[in-house]
Amino acid sequence: MKSSNSPFYLLSCLIVLVLLPVPSRSADPDSLQDFCIADLNATISVNGFPCKPASKVSANDFFFDGLTKEGNTTNIFGSNVTAANVLSFPGLNTLGAAMNRVDYAPGGINPPHSHPRATESGVVIQGQLLVGFVTTQNVFYSKVLSVGEMFVIPKGLVHFQKNVGTGKALAFTAFNSHLPGVELSISLFTSKPSIPNDVLTQTFQVDDAVVNAIKSKFGS
């Protein structure tokens, strides 16, 4: 038997480690070039967007000022999400990164939702936020965060943030995908076409009147 300290044994182990497939830690495929400014008007459909010709790329393609503006929180949730993803900032195309600015009125909430394509991390810039998420084992984790404190939401898990301070609140969030996607829990009651009422009444063990009342609040 070869000694575990022999050069041949160690070289064999190194080769095996090199050849073993390493799982990717990013949500988007690794980029094969320096950048690929999205051509949002392209007619070709791919997993992502085709690249704008390099001859048409300018410095402005790499900068975005959308997160400098406070969002309008005069809505039923008292919150506003300003997204900096590939759709609003084409320079993010293929780079596996995106950000959101989330503004909260006093008592406002970013209602339960999930991001199917990305892990989310965030930092509180103003106010106090109750941040929580539910695991696939139906365990609820939450904490009240103050200015400068961070949170992380594992990919695909349902989560929310609620302003529990006395004034406005603000958070910036980051994602490891250029288009994280969002699935709102209320989509069950707002989808087009509508999910049949008997599916919702049986699922939530309520009657038609309750389902119709919820749908009416969201214009469905």
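Biologist: Let's start with Lys69: is this residue buried, exposed or partly exposed?

Modeller: This is a predicted model, and in it Lys69 has a relative accessible area of 46%. Buried would need a value under 20% and exposed a value over 50%. Because 46% falls in between, Lys69 is partly exposed.

Biologist: Which residue forms a salt bridge with Lys69?

Modeller: Side chains of opposite charge can pair when their charged atoms come close. For Lys69, the closest N and O atoms of the pair are 3.4 Å apart, and a salt bridge needs them within 4 Å. The partner is partly exposed, with a relative accessible area of 49%. The residue you are after is Asp65.

Biologist: How many salt bridges does a search of the whole structure find?

Modeller: Asp65 with Lys69 is one of them, and another joins the side chains of Asp103 and Arg101 at 2.8 Å, N to O. Asp103 and Arg101 are buried. Searching the whole structure gives a count of 4.

Biologist: Glu70 also meets Lys168 in a salt bridge. How many residues apart are they?

Modeller: The N to O distance in this bridge is 2.9 Å. Glu70 sits in the loop between α1 and β1, while Lys168 is in the loop between β8 and β9 (169-175), so the pair links distant parts of the chain. Their separation in residues is 98.

Biologist: Let's turn to sulfur. Which residue forms a disulfide with Cys36?

Modeller: A search of the whole structure finds 1 disulfide. Its sulfur atoms are 2.0 Å apart, which fits the cut-off of 2.5 Å. The partner of Cys36 is Cys51.

Biologist: Is the link of Cys36 and Cys51 left-handed or right-handed?

Modeller: The place to look is the angle about the S-S bond, which is -110 degrees. With that angle, the link is left-handed.

Biologist: How far apart in sequence are the parts that this disulfide ties together?

Modeller: Cys36 and Cys51 lie in the loop between α1 (7-19) and β1 (79-84). Cys36 is buried at 3% relative accessible area, whereas Cys51 is partly exposed at 35%. Given these places in the chain, the pair ties together parts whose separation in residues is 15.

Biologist: Now for the inside of the protein. Which side chain makes a polar contact with the side chain of Gln161?

Modeller: Gln161 lies in strand β8 (residues 158-163), and its relative accessible area of 0% makes it buried. Beyond its neighbours within four places in sequence, Gln161 is in contact with residues including Ile109, Glu120 and Phe151. The polar contact of 3.0 Å joins its side chain to that of Tyr104.

Biologist: And His113: which residue has its backbone oxygen 2.6 Å from a polar atom of that side chain?

Modeller: His113 is in strand β3 (residues 109-114), and at 4% relative accessibility it counts as buried. Residues that His113 touches include Leu157, His159 and Glu183. The backbone oxygen at 2.6 Å belongs to Pro111.

Biologist: What is the relative accessible area of Leu188?

Modeller: Leu188 is placed in helix α2 (residues 187-190). Together with Phe204, Val206 and Val210, Leu188 forms a nonpolar patch on the surface, with about 280 Å² of accessible area. Patch residues need over 30% relative accessible area, and Leu188, being partly exposed, has 36%.

Biologist: Which residue is joined to Lys192 by a cis peptide bond?

Modeller: The omega angle of this bond is about -5 degrees. The partner is found in the loop between α2 and α3 (197-204). That partner is Pro193.

Biologist: Asn138 has a positive phi. What is its value?

Modeller: Asn138 is found in the loop between β5 (129-134) and β6 (140-145). At 66% relative accessible area, Asn138 is exposed. Asn138 is a residue other than glycine, and its phi is near 65 degrees.

Biologist: To finish, how many strands does the protein have?

Modeller: Going from the N terminus, the elements run α-β-β-β-β-β-β-β-β-β-β-α-α-α. Alongside 4 helices, the number of strands comes to 10.

Technical notes: Residues are numbered from 1 along each chain as its sequence is written. This is a predicted model: local features need pLDDT of at least 70, side-chain atom pairs count only at pLDDT 80 or more; totals for chains, interfaces and linings use all residues. Side-chain values use heavy atoms; hydrogens and water are left out. Helices (H or I, at least four residues) and strands (E, at least two) are DSSP runs, numbered from the N terminus. Buried means under 20% relative accessible area, exposed over 50%, partly exposed in between (1.4 Å probe, protein chains only). A polar contact is a pair of N or O atoms within 3.5 Å; within protein, one must be able to donate a hydrogen and the other to accept it, and residues adjacent in sequence count only if both atoms are side-chain atoms. Contact means heavy atoms within 4.5 Å. Patches are made of residues with over 30% relative accessible area and no salt bridge: like charges are joined within 9 Å, nonpolar side chains (Val, Leu, Ile, Met, Phe, Trp, Tyr) within 5 Å. Accessible areas come from the Shrake-Rupley method with a 1.4 Å probe; for residues, only the protein chains shown count as cover.
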